[in-house]
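Hi,

Here is the structure I promised to pass on. Please have a look, then read my notes below.

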Amino acid sequence: MRLRNGILIILSLFIVRLIIQMQIVIPLFQCAWPGVPTGVFFTTSGDTESYTRPWIYLIEKGIYSMDGTTPSAIRPPYPGLLFGISYFITRKKVISMEITSVIQIFLGVVAVYFMALLCRGICEEILKDSDKAHRAALIYLLLSVFSFHTLFFDGAILSDGPATAFLSFFSYSYYHYLRQNNKTIYLFISGIFMALVTLYRPY
């Protein structure tokens, strides 16, 4: 029952975040930076090409490169992996960006949910009051869902959104490791997420 409620919450927040991204964040971005390419759900920046172009050349020409001839790139391949997989399937750049942004937004929603659980756990441990802890988690959840700042990075074809989500998952799993230090599986999981943060944002 608890798992089903969590899934329903995540799916509901996902739909809300998609609507906010499409109806508010994208139009605001277009007003602030007219002429910068956007889509239904995704935004781009000057760094986007350094994540996407090497993967396009890798799939089309077999060389991970910014210019399609010299085997070098200014970015590591990991942040663009999701786009690369999408492009390998669709062979359409814009559609691949849409798929990437939707998956990143979903990942961000899951991260928000787990951070709300972390908030509830910490507040319950400090306040010794489950009702106040539950309200604190609910307030955090609402503030995070309607945060345009985090939603912008979730939908942007950049490494920031996924890296932030992985850092959230690390925080949640490491907190459980500290509370239950005999559960070494939490230490292993937190190590995986910290490694993903490092791979996505090594600078």
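What pattern does the protein chain follow when read along the sequence? The answer is α-α-α-α-α-α-α-α. In numbers, the secondary structure comes to eight helices and zero strands. Keep in mind that this is a predicted model.

**The whole chain**

The C-alpha atoms fill a box of roughly 60 × 40 × 30 Å along the principal axes. The protein chain has 203 residues, and 42% of them count as buried. Its accessible surface comes to about 11,300 Å². Carbon and sulfur atoms account for 69% of that surface.

I also looked at contacts between residues with a separation of 6 or more. Of these, 63% join residues 24 or more positions apart.

On charges, the chain carries 16 positive and 11 negative ones. The mean positions of the two sets are 5 Å apart.

**One residue: Q104**

Where does Q104 sit? Its place is in helix α4, which covers residues 93-127.

Is Q104 buried or exposed? Q104 counts as buried, because its relative accessibility is 5% and the cut-off for buried is under 20%.

Which residues is Q104 in contact with, leaving aside its neighbours within four places in sequence? There is L82 on the earlier side of the sequence. Then come F153, D154, G155, A156, L158 and P162.

If you open the model, start at Q104 in helix α4 and look for those contacts, including F153 and L82.

Best wishes

Technical notes: Residues numbered from 1 in each chain as written. Predicted model: local features only at pLDDT ≥ 70, side-chain atom pairs only at ≥ 80, totals over all residues. Heavy atoms only, no water. Helix = DSSP H or I, 4+ residues; strand = E, 2+ residues; numbered from the N terminus. Buried < 20%, exposed > 50% of the residue type's maximum accessible area, 1.4 Å probe, protein only. Contact = heavy atoms within 4.5 Å. Areas by Shrake-Rupley, 256 points an atom, 1.4 Å probe, with all protein chains shown as cover. Lys, Arg positive; Asp, Glu negative; His and termini not counted. Charge placed at Lys NZ, Arg CZ, Asp CG, Glu CD.
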